[in-house]
Every structure is written in C-alpha cells, then in structure tokens.
Amino acid sequence: MTAKFSKFKERHKIARAIEGVKKHLQEVTERRGRYTVESFVVKPSPSLLIDPRLAAMYKEVSQLIGIDKSREELASLLSFQGNEMSDKNLKIVSVVGVGGLGKTTLARALYENLKAKFSCSAFVPVGRNPDLKKVFRDILIELGKGTYMHHPEFTILDEKQLINKLREFLGRQRYFIVVDDVWDIKSREMINLAFVDNNIGSRIIITTRNLEVATGEVYKLQPLSDDDSKKLFYARNFGGEDKCPDNQRQKVSEAACKILRKCGGIPLAIITMASLLVGKSMEEWLEVCNSTGFCDKDKEQLDDITWILSLSYYDLPSHLKTCLLYLSVFPEDHLIKKDDLIWMWIGEGFVNGKPGNGLFEIGERYFNDLINRSLIQPVVNKKRGIVDRCRVHDMILDLIRSLSREENFAMALDNSEDTLLRSNARRLALQNRAVKDTPLHNHPDTARARSFFAFMCSFGPRVQLRSLKLLRVLYLEDCGHIPFYEHVGDLLHLRYLGIREHDEVNWELPKEIGAVKFLQVLYLEGVRGLLLPSSVGMLTQLVCLRARNMSLPGGKIMNLTSLQELDIVPGDDDKSMGQFVKDLGNLRELRVLRIDISRMGRRMQSDLLKSLGNLDKMQFLQLVGCRHALIPCAFPASHTCSWRYLSWLTSV
C-alpha cells in the first residue's frame with residue numbers, strides 16, 4: 001500500500017507539470033496571435049513555375065533588345081571585304097566592355113548565326129583562374145564533336161601536347177572559335193598559340209573586360225541606349241511597355257527613369273533591378289529610389305552594379321539567401337544541374353518540408369525563385385524544352401563568395417591558393433588542386449565541415465576524410481582515383497554522396513556504404529562497375545539513386561521504398577532482372593525513372609509495364625534500348641498519373 005501511495009504522489013506531480021506546460025503553451029499561442037507574428041515572417045513563394053515574363057526575356061529580349069546594332073557592327077569586322085588576300089587570313093576580333101554589359105550574349109548571338117558557315121566551331125569560357133589544359137581539351141571536344149572524348153591519352157596530355165593536337169586539327173579546317181571571358185595577357189597568349197593561320201578564312205572572337213588583353217581588331221561594346229534600357233526594364237516587369245497598367249503609367253515612368261539612370265545602361269543591372277521590383281507596390285519602388293545607396297552619386301559604375309546586386313541579395317527571404325550562397329562552392333562558368341543542386345540543398349537541410357508537398361517540389365520552387373529574381377541564369381535543355389541547368393554570372397559569383405567568406409558559410413579554394421586557409425566555414429570546395437598530403441585530416445577547422453566539394457583535383461594516397469565527422473554532402477567531380485573511398489562508412493551523417501567523372505573510370509562502391517543510414521542521395525556518373533554492393537539495400541532513407549551502368553543485386557530494391565528518383569541497370573542476369581521488375585511496383589513514391597530494358601524479353605517487358613501502372617506519382621520515364629512497340633499496351637486505363645515527359649529510346 002505504501003508503494004502504491006508513493007506512485008500515486010509521483011503521478012500527481014507529473015500530471016500537474018503537464019497542466020503547467022499546457023497552460024504555458026496556451027499563453028504563447030495567445031501572445032503570438034496578439035503580435036500577429038505571421039505578418040512579419042517571410043514565407044516561401046508558392047510559385048512553382050518560372051515567371052513567363054522572365055522566360056520570354058531570356059528567350060528573346062536578351063538576344064534582341066539593343067543587340068542588333070552591335071551584332072551588325074561586330075559581324076562587319078569579321079566579314080569578308082572582297083580582298084582575296086586579306087579575307088583568307090586568320091582574323092581575330094576582341095570584344096571589350098565592363099562586367100554585365102552583355103559581351104557573352106553578343107558573342108553567343110553572333111556565334112549561333114555564323115557557325116554554320118564554317119567547317120568546325122567552338123564556344124569556350126576561360127574565366128579568371130583558368131585551367132588551360134581544360135580550356136584546350138574543351139576546344140578539342142567541341143571542334144571534334146566527341147572524337148577526342150574517349151581517347152585513352154586525352155586526359156594526361158600537357159599544355160604543349162594539347163596545343164600541338166589543336167594546331168594539327170585546325171591546320172586543315174576553316175574554323176570559328178569564341179574564347180569567352182579572358183582576364184589576363186598570359187592566358188590569351190597561351191591560347192593564341194593553339195590557333196594556326198591556314199589562309200582559308202578562319203575567325204576568332206575574344207571577349208574581355210581588360211583593354212590590355214585585347215588583340216587583333218578591338219570592338220568596344222557600349223552600354224544600352226536610354227530607349228533600349230527602358231524596353232528591357234519594361235519587358236522584365238510587365239512583358240512590355242504597352243502592358244503597364246494605365247493607372248500606374250506616370251508613376252512607373254518617373255521611378256523607371258531614376259532606376260535606369262542608376263543602372264547606367266548595363267543589362268545585368270537593369271534585369272536584376274527589374275526582377276527585384278516585380279510584384280512590389282509603387283510605395284516599395286519609391287522606397288528603393290530614395291534609399292541612401294541609390295542616391296549616392298559619387299560611386300563609380302562598377303560600384304553601382306555591385307550595390308544593385310547586393311540589394312537583390314538582401315531582399316531575399318532567409319531560405320533563399322542560404323540556397324544562393326551555396327552556389328559559391330561551384331567553379332566559375334560551371335554548368336550546375338538543377339536536380340543535383342536541389343538534392344544537395346535537401347541533404348544540407350535547407351529545404352523545409354510541408355504537408356502535401358515533397359521536399360524536391362519545394363526545392364524546385366526555391367530554384368525557380370532564384371531564376372525569377374535574375375540571380376541565376378537558366379539553361380534550357382533543347383531536347384526536352386525545360387530548364388534543367390543553371391549558371392551564375394561571375395559578378396554575382398564574386399558577391400556571394402565574398403558574403404560566404406564574411407559569414408563563414410563556405411570557402412572555395414582554387415589553384416591560386418597555396419595552402420588551406422584557416423576558416424570556420426562549414427563548407428569547403430577545392431578546385432583544380434593537387435592534394436598530396438593530409439591537410440584535410442590535420443586541419444583543425446575542417447572537423448566542423450558540413451559539405452566538401454572537389455573539382456578536378458588529384459588526391460595523394462595519404463589523404464583521408466575521417467575527420468569530417470559532421471559531413472552531410474560529399475561531391476567529387478573529375479578527381480579520378482579516390483584513395484579515401486573505403487572510409488565513406490565512417491561518415492555517419494552523410495546525406496548526399498555524388499561522384500561524377502566525364503572520363504569513365506573503374507570504381508567500386510565499398511560495402512561499408514550500408515553503415516551510412518541517413519544517406520538520401522547516391523549519385524554515380526561516369527563510374528563503370530559491375531554491381532553495387534548488396535549493402536545499398538540497407539539505405540532505407542534513400543530518395544535518389546543514380547548509378548548508370550551499374551546494377552543492384554536482386555531483391556534489394558524492394559527495401560528502398562522511399563525512392564523518388566531511380567536510374568540504374570535492372571540486373572546482371574535474368575533472375576535478378578525479373579525480381580527487379582516485380583519489386584519496382586512497390587516503389588510508390590517514385591516520380592523519375594530511367595532504366596535500360598535492352599536485354600528484356602517481351603514477357604519481362606509486359607511485367608515491367610504492370611509494375612509501372614502502380615506508380616501513380618511518376619512524372620518522368622525514360623526507357624533505354626526499347627526494341628519492341630510497347631505503347632499500345634503501356635498502361636491500364638485506370639492509370640491517372642500526369643506525365644511531364646515520356647521517352648521511348650532505341651539506343652543509349
């Protein structure tokens with residue numbers, strides 16, 4: 001009885017404590033209502049799509065407004081003048097102008113118009129700290145249309161050998177090459193060594209900000225005229241001046257004059273400023289016009305552009321600021337895949353889930369919001385007609401890298417940095433470096449790193465990542481052999497593991513990968529192996545598995561019920577393939593599927609279609625190696641899923 005009585009007293013205390021907690025929560029709720037917290041919280045935009053006005057601008061306005069005259073003048077410098085001797089000589093024209101003026105847009109527009117008149121052509125970005133071997137390889141790949149892509153010695157050739165290859169190839173071709181964004185004389189001189197004057201009328205365009213770098217004939221690109229600036233501004237805000245609301249036309253015109261005066265005819269500044277004001281009230285427009293930085297007349301033009309870009313950054317809600325700063329880890333002019341970027345955001349925990357919305361869909365909204373604000377440049381997949389990649393303008397990249405360093409958000413180190421700097425940054429990116437020793441392991445500040453990126457790096461045998469205990473994202477691109485991959489199982493907090501190789505390498509995923517229980521994304525591209533380890537079946541939180549050219553042991557796919565995206569070979573034998581086809585129907589969350597069915601018979605293909613009929617969330621399906629007509633019996637009439645893209649391919 002004494003024991004029961006003591007228990008009763010303890011339970012009574014617990015009940016009173018619970019009542020106290022409930023009362024406290026009720027007070028917090030009432031206080032939240034009184035202060036109307038919701039009205040001050042920045043909420044994510046519900047828009048899932050890219051603003052159609054911006055899409056139209058990127059498709060037409062950026063190529064047409066204010067560019068016609070410049071394109072004609074530049075074309076005349078490249079054209080043939082009727083003099084047989086001079087027309088056959090190699091002609092180089094340099095386009096010079098400040099950042100954001102549209103040099104790349106102009107060169108790209110002329111390149112698309114003229115490249116069909118030449119036997120071969122290439123458009124290659126260089127950047128501030130170029131890897132000249134990569135520049136030469138990129139030129140060869142574009143000129144040769146893939147001839148050199150899988151050459152066994154292509155990746156180990158040095159600059160001299162690559163220059164000789166280029167001169168040998170160009171010696172018998174009438175070529176047209178655009179070398180975009182050259183920053184220094186040394187790089188320009190090295191690149192020019194690869195071009196041969198073969199007296200058959202070849203042409204080269206070089207774009208640069210520095211007049212001293214220019215060579216050949218020089219074309220100085222001028223800012224947009226007042227009329228063209230106005231057209232571009234109205235096109236971004238309203239879809240055209242004629243679509244501006246009549247009741248606001250006078251006020252808009254007055255504000256636009258002030259804004260365009262600040263932008264100085266620089267297209268990047270105009271588009272960014274216009275994107276900042278889209279959807280805002282006229283009072284907010286006037287607030288921007290009357291701000292301190294806007295009224296400062298002592299600033300130089302470059303400072304004005306930087307101020308405008310900073311204004312757009314600070315106008316972002318907090319979740320978009322984080323996502324934009326994350327782009328600072330990628331190299332300059334890097335083509336960033338949309339899906340990869342969104343999965344990285346998810347792995348880092350930047351994407352906040354909401355009932356009824358998947359994390360990827362919310363991340364896609366974030367991506368589209370950054371495009372709509374003109375802070376990233378969309379790249380359209382011409383075959384599919386959708387935006388699937390993006391770029392970051394180098395001026396915006398400079399801004400977000402500076403902000404990332406100030407806020408200890410991320411640190412990007414290229415080959416110009418001699419040592420790993422001491423930093424509290426949570427994200428570390430190495431670009432074009434040789435990491436021979438163990439600085440990552442010994443460095444006291446890397447233990448707090450949340451993300452680690454490496455682009456075109458070589459790692460010595462002693463390099464380890466064991467000290468990066470809190471790592472959530474690990475991405476390696478064009479790094480060849482990776483000596484520390486067997487320690488991946490030690491990274492218990494890892495959410496995203498991506499390895500991408502443009503030149504295929506033999507590489508096996510260690511069985512220890514099964515210990516990484518929280519892994520959400522496993523992405524292997526250009527990695528050729530026979531079989532994924534069976535331990536992959538233990539990764540029950542996996543939402544994206546892309547391991548093209550590799551297969552999973554039979555029966556293991558059925559455990560991965562959280563999968564939303566799958567790109568894999570169905571199996572290495574008929575039994576495994578048959579089991580895969582049956583288990584596929586249990587992956588009810590799947591929305592993206594790409595599989596090779598070239599080795600499937602008719603009966604197995606029929607089973608595949610039955611499994612596909614269960615996947616009511618599917619948005620993208622690609623069947624590679626389809627040899628039979630499957631469409632007539634494709635899906636049962638009850639299947640009501642909405643297909644965004646369906647592809648039946650006959651070859652890889």
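In which sense do strand 1 and strand 4 pair, and over how many bridges? The views below are taken from a predicted model.

**View 1. Strand 4 beside strand 1.** Strand 1, residues 91-96, pairs with strand 4 in the parallel sense, and 6 bridges link the two. Within this pairing, Val95 stands opposite Thr207 of strand 4.

**View 2. Strand 4 beside strand 3.** Strand 3 covers residues 175-182 and runs parallel to strand 4, to which 5 bridges join it. Opposite Phe176 stands Arg203 of strand 4. Between strand 3 and strand 4 the chain passes through helix 8, residues 185-192, in a right-handed β-α-β crossover.

**View 3. The two faces of strand 4.** Strand 4 spans residues 203-208, and 6 of its 6 residues are buried. In a regular strand, side chains alternate between the two faces of the sheet. One side of strand 4 carries Arg203, Ile205 and Thr207, while the other carries Ile204, Ile206 and Thr208; both sides are covered, and all of these residues are buried. Two of the residues named in the earlier views, Arg203 opposite Phe176 and Thr207 opposite Val95, are on one side of the strand.

**View 4. Two cysteines, Cys257 and Cys323.** The structure holds 0 disulfides. Cys257 has a relative accessibility of 43%, so this residue counts as partly exposed; the class lies between the cut-offs of 20% and 50%. Is Cys323 buried or exposed? Cys323 counts as buried because its relative accessibility is 0%, and buried means under 20%.

Definitions and conventions
Residues numbered from 1 in each chain as written. Predicted model: local features only at pLDDT ≥ 70, side-chain atom pairs only at ≥ 80, totals over all residues. Heavy atoms only, no water. Buried < 20%, exposed > 50% of the residue type's maximum accessible area, 1.4 Å probe, protein only. Helix = DSSP H or I, 4+ residues; strand = E, 2+ residues; numbered from the N terminus. Pairing = 2+ DSSP bridges. Right-handed = clockwise from strand over helix to strand, strands pointing away. Disulfide = S-S within 2.5 Å.
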